[in-house]
Amino acid sequence: MSTRTLAITGASRGLGVAVAEVAAAEGFDVALGARDADAVERLAADLADEHGVGGLGMRCDVTDVASIASFRDAIIERFGRLDVVVANAGIGSFGPMVGFDSDAFDAMFAVNVRGVWATLSAVADDLEAAPTRGTAILVSSDVSDRVFPGGGPYVATKHAVRALARTFQQEHPQLRVCELRPGSTRSSFAGQDPTTPSGEGVLSSTDVARTLRVVLTAPDDVRIEELVVRSAGQAPDY
Ligand SMILES: NC(=O)c1ccc[n+]([C@@H]2O[C@H](COP(=O)([O-])OP(=O)(O)OC[C@H]3O[C@@H](n4cnc5c(N)ncnc54)[C@H](OP(=O)(O)O)[C@@H]3O)[C@@H](O)[C@H]2O)c1
C-alpha cells in the first residue's frame, strides 16, 4: 500500500506532537497544523528526517475557516490524499460558571467545537476519497460524558465534540470516526507546566499517543469508535 497521510491540528506541542511522532514512526506522511508555524515546520522537518516520511508543517488556526482551507489545500497538493485527520486543537479555562469570563467561554467554543466542525467540514470529501478507509479522530476528553464543579464551559465543549463525532459518523457511515478521550495528561494545557513531573493519576502525552496506535493501525474494516485513556492512578469517575 502506498504511504498514508495523517493531518493533525494543534500539533505544535503537547498531545499533538506526541501523536505526530507516533504517526511518523508508523510510516504515515504527516501534515501538522497550529498557529505556531515555526514549531510545526520544525517538527515536520525533524520527523521527515528521522522516519523517512513526508512532513508538512504550516500555520493553521482552526477558528479561521480560510486558514483551515489553506492547510487542506497544501496537504492535497503535497501528498495527493488524506487518510486520517486528527482534530486535536483545544484550549481550556476553568472556574465556577457564575462569573466565568465570557471571552474565555467564547474562545473555548470557537476552538474546541467550531474548530472541530470546521476541520471535519474541510476534509470530509478527502477522507471519503482516500484509498484506505478514511478515519477522523476527534480529541475530546474523559469528561465528555460527565461533569464536575468548575469544569462547566470546558466540559460542555467536550460533550459537544462527542455529539459532533457521533453525528459525523452517522452522516458518513463509510468513514471511521473515533472519539479519543484522554484523562488528565501532562502538557501545556490550561497553563500547566509540561516539564513538571507527572503526579499520581496523570498521563504523559506519549502514553496517550502510543495507545492511539491501535486506532492508526486497525484493519481497514475495523472501526474503533471511542478510546478512553486514563492513568491507572486516576480515580475511575464515571
Ligand atoms: N492535557 C489534558 O489533561 C487533556 C485531557 C483531555 C483532553 N485534552 C485535549 O487534548 C487536546 C490537546 O491538548 P494538550 O493537552 O496537548 O494541550 P496543549 O499542550 O496546550 O496543546 C494545545 C494545542 O492546540 C493548539 N491550538 C490552540 N488554539 C488553536 C487554534 N486556534 N488553532 C489551531 N491550533 C490551536 C496549540 O497550538 P498553537 O498555540 O500553536 O496554535 C497546541 O498545539 C485538546 O483538545 C484538549 O482539550 C487534554
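Start by selecting helix α5, residues 152-171: at 1.5 Å a residue, its 20 residues should span 28 Å, and the end C-alpha atoms sit 28 Å apart, so expectation and model agree. Keep in mind as you click around that this is a predicted model.

**Stop 1: the buried side of α5**

Stay on α5 and highlight P153, Y154, V155, T157, K158, V161, L164, A165 and F168, which are buried. What do these buried residues pack against? Bring up α4, β5 (135-139) and β6 (176-182), and you have the partners. While you're looking down the helix, recall that an α-helix has 3.6 residues a turn, so residues three or four places apart point the same way.

**Stop 2: α4 against α5**

Now add α4, residues 102-129. The axes of α4 and α5 are 9 Å apart and meet at an angle of about 10 degrees. That angle is under 35 degrees, so α4 counts as roughly parallel to α5. To see the contact, show side chains for F105, M108, F109, N112, V113, V116, W117 and L120 on α4, then P153, Y154, T157, K158, A160, V161, L164 and F168 on α5. Colour them by class and you should get 13 nonpolar, 2 polar and 1 charged.

**Stop 3: α3 against α4**

Keep α4 on screen and select α3, residues 65-79. Here the axes are again given as 9 Å apart, with a packing angle of about 30 degrees. That makes α3 roughly parallel to α4. Which hand does the crossing have, left or right? α3 passes α4 in a right-handed crossing. On the α3 side, pick V65, I68, A69, R72 and I76; on the α4 side, pick A118, T119, A122, V123 and D126. The class split for this contact is 7 nonpolar, 1 polar and 2 charged.

**Stop 4: α1 against α2**

Next, hide those and show α1 (residues 14-25) with α2. Their axes come within 10 Å and cross at roughly 25 degrees, and α1 and α2 are therefore roughly parallel to each other. The crossing is right-handed. Zoom in where V17, A20, E21, A24 and A25 of α1 meet L43, L47 and H51 of α2. By class, that contact of α1 with α2 holds 6 nonpolar, 1 polar and 1 charged residues.

**Stop 5: D38**

While α2 (residues 37-51) is up, click on D38, which lies in this helix. Is D38 buried or exposed? D38 has 11 C-beta neighbours inside 10 Å, so it counts as exposed. Then draw a C-alpha to C-alpha distance from D38 to R59: the two are 21 residues apart in sequence and 8.3 Å apart in space.

**Stop 6: V214**

Jump to helix α6, residues 205-216, and find V214 there. With 12 other C-beta atoms within 10 Å, V214 is exposed. Try another distance, V214 to L227: their C-alpha atoms are separated by 9.6 Å, and the residues are 13 apart along the chain.

**Stop 7: A190**

Finish in the loop between β7 (185-186) and β8 (203-204), where you'll find A190. What is the sign of its phi? The phi of A190 is positive, about 50 degrees, although A190 is not a glycine. A190 has 11 C-beta neighbours inside 10 Å, so it counts as exposed.

Methods. Residues numbered from 1 in each chain as written. Predicted model: local features only at pLDDT ≥ 70, side-chain atom pairs only at ≥ 80, totals over all residues. Axes fitted to C-alpha atoms, helices over the stretch in contact; angles between N-to-C directions. Helix = DSSP H or I, 4+ residues; strand = E, 2+ residues; numbered from the N terminus. Parallel < 35°, antiparallel > 145°, perpendicular 65-115°, else oblique. Left-handed = near helix turned anticlockwise from the far one by under 90°. Contact = placed C-beta atoms within 7 Å. Nonpolar A, V, L, I, M, F, W, Y, C, P; charged D, E, K, R; others polar. Expected span 1.5 Å × (residues − 1). Buried ≥ 20, exposed ≤ 12 C-beta atoms within 10 Å, placed from the backbone.
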